[in-house]
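Let's take a walk through the pockets of this protein, its bound ligand and a pair of unusual peptide bonds. Keep the structure open beside you as you read.

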Amino acid sequence: MPSPTPEMPTQSHPAEEALAAVRGRLAEAAHAAGRESSSVTLLAVSKGQTAERIAALAALGQRDFGENYVQEALPKLAALTELGLNWHFIGRLQANKTREVAAHFSWVHSVDRLRIAERLSAQRPAHLPPLQCLIELNADAESTKGGVDTAALTDLVAAVRVLPGLTLRGFMTMPAPREDPAAQRAAFRRVHEAVRPWMPPLDTLSMGTSGDFEAAIAEGSTLVRVGTAVFGPRQR
Ligand SMILES: *Cc1c(COP(=O)(O)O)cnc(C)c1O
């Protein structure tokens with residue numbers, strides 16, 4: 001007996017079905033929380049995905065995309081300019097990359113220190129609207145991810161708010177992955193409690209990924225950052 005032809009993993013994950021499934025899960029989670037599904041933006045995280053795959057999702061009506069690495073993102077942004085997509089920078093920000101982020105992205109989710117915010121503001125080109133920005137909170141003391149701790153938050157919010165090249169819209173967090181939905185919710189709830197003094201007027205809470213976005217929506221997320229669940233496995 002000849003062995004069966006191995007499946008191509010990326011082709012067994014058609015973009016249309018995956019996007020519809022994530023939209024369905026998002027709507028269900030919003031409904032369960034007594035919220036409108038339109039109150040949660042779906043950000044498709046496209047790191048490790050090609051421009052062709054991004055264009056395929058854009059053709060299905062997906063408008064917001066997130067990238068983590070400036071060097072990887074710029075050629076894709078350039079290839080897809082015509083589509084007029086909303087690009088969000090969600091990766092760790094290094095001072096020597098702020099100029100390119102300020103010039104090419106609409107949103108930045110990962111502001112965690114004043115020096116970076118000041119550079120982004122000064123480097124935002126004058127012909128563009130202000131860069132929409134979120135302050136990243138460290139949700140877990142033990143986490144190795146970036147993010148400001150809650151003690152430093154008040155000062156950073158006050159300082160970022162007055163920078164002319166930025167519009168502070170809210171907060172982002174990326175807790176360590178957890179399996180248990182109750183534990184996921186507890187981490188998101190802590191972050192939401194910490195930022196409540198500013199919301200409103202700030203209106204954006206970026207939290208939740210493929211593995212935990214339902215828990216994040218239950219705890220008030222207004223923007224979920226979903227990669228593998230919409231695109232399938234990353235290609236590099
Ligand atoms: C990669 C990444 C995501 C998406 O993670 P998935 O598990 O693929 O959904 C979301 N947020 C940030 C900050 C990321 O780096």
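In this predicted model, the largest pocket has a volume of about 590 Å³. It is lined by 28 residues, and the ones closest to its centre are Lys47, Asn68, Ile90, Gly91 and Met174. Sorted by class, this lining holds eight nonpolar, 11 polar and nine charged residues.

What takes up the space of the largest pocket? The ligand does. Around the ligand you will find Val45, Lys47, Asn68, Ile90, Met174, Thr209, Ser210, Arg225, Val226, Gly227, Thr228 and Arg234. This shell divides into four nonpolar, five polar and three charged residues. Lys47, Asn68, Ile90 and Met174 are thus worth picking out on your screen: they belong to the shell of the ligand, and they are also among the residues closest to the centre of the largest pocket.

Three polar contacts to the ligand are worth a look, and the table puts them side by side.

| Residue | Part of the residue | Ligand atom | Distance |
|---|---|---|---|
| Glycine 227 | backbone N or O atom | oxygen | 2.8 Å |
| Threonine 228 | backbone N or O atom | oxygen | 2.9 Å |
| Arginine 234 | side-chain N or O atom | oxygen | 2.9 Å |

Glycine 227 and threonine 228 thus reach the ligand through backbone atoms, whereas arginine 234 uses its side chain. How much of the ligand's accessible area does the protein cover? On its own the ligand has 390 Å² of accessible area, and the protein covers 87% of it.

Now let's move to the second largest pocket, which holds about 270 Å³ of space. Its lining is made of 14 residues, with Leu77, Thr81, Trp87, His104 and Phe105 lying nearest the centre. The elements that give two or more residues to this lining are α3 (70-79) and α4 (98-104). Of the elements, α3 gives the most, with three residues. By class, the lining of the second largest pocket has nine nonpolar, four polar and one charged residues.

One more stop remains, in the backbone. Most peptide bonds are trans. Where, then, do the cis bonds to proline 200 and proline 201 lie? Both prolines are in the loop between α7 (181-195) and β7 (204-206). The bond that joins methionine 199 and proline 200 is cis, with an omega of about -15°. The bond from proline 200 to proline 201 is cis as well, and its omega is near 10°. If you trace the chain through this loop, you will meet these cis bonds one after the other, at proline 200 and then at proline 201.

Terms used: Residues are numbered from 1 along each chain as its sequence is written. This is a predicted model: local features need pLDDT of at least 70, side-chain atom pairs count only at pLDDT 80 or more; totals for chains, interfaces and linings use all residues. Side-chain values use heavy atoms; hydrogens and water are left out. On a 1 Å grid over the protein atoms alone, a cavity is a set of points where a 1.4 Å probe fits but cannot get out, and a pocket is an open set with protein on both sides within 12 Å along at least five of seven lines; lining residues have an atom within 4 Å of a point. Grid points are joined across faces, edges and corners, and a volume is the space filled by probe spheres set on the points. Ala, Val, Leu, Ile, Met, Phe, Trp, Tyr, Cys and Pro count as nonpolar, Asp, Glu, Lys and Arg as charged, and the others, Gly among them, as polar. Helices (H or I, at least four residues) and strands (E, at least two) are DSSP runs, numbered from the N terminus. A residue is near a molecule or strand if one of its heavy atoms lies within 4 Å of it. A polar contact is a pair of N or O atoms within 3.5 Å; within protein, one must be able to donate a hydrogen and the other to accept it, and residues adjacent in sequence count only if both atoms are side-chain atoms. Accessible areas come from the Shrake-Rupley method with a 1.4 Å probe; for residues, only the protein chains shown count as cover. A molecule sits in a cavity or pocket if more than half of its atoms lie within 2 Å of its grid points.
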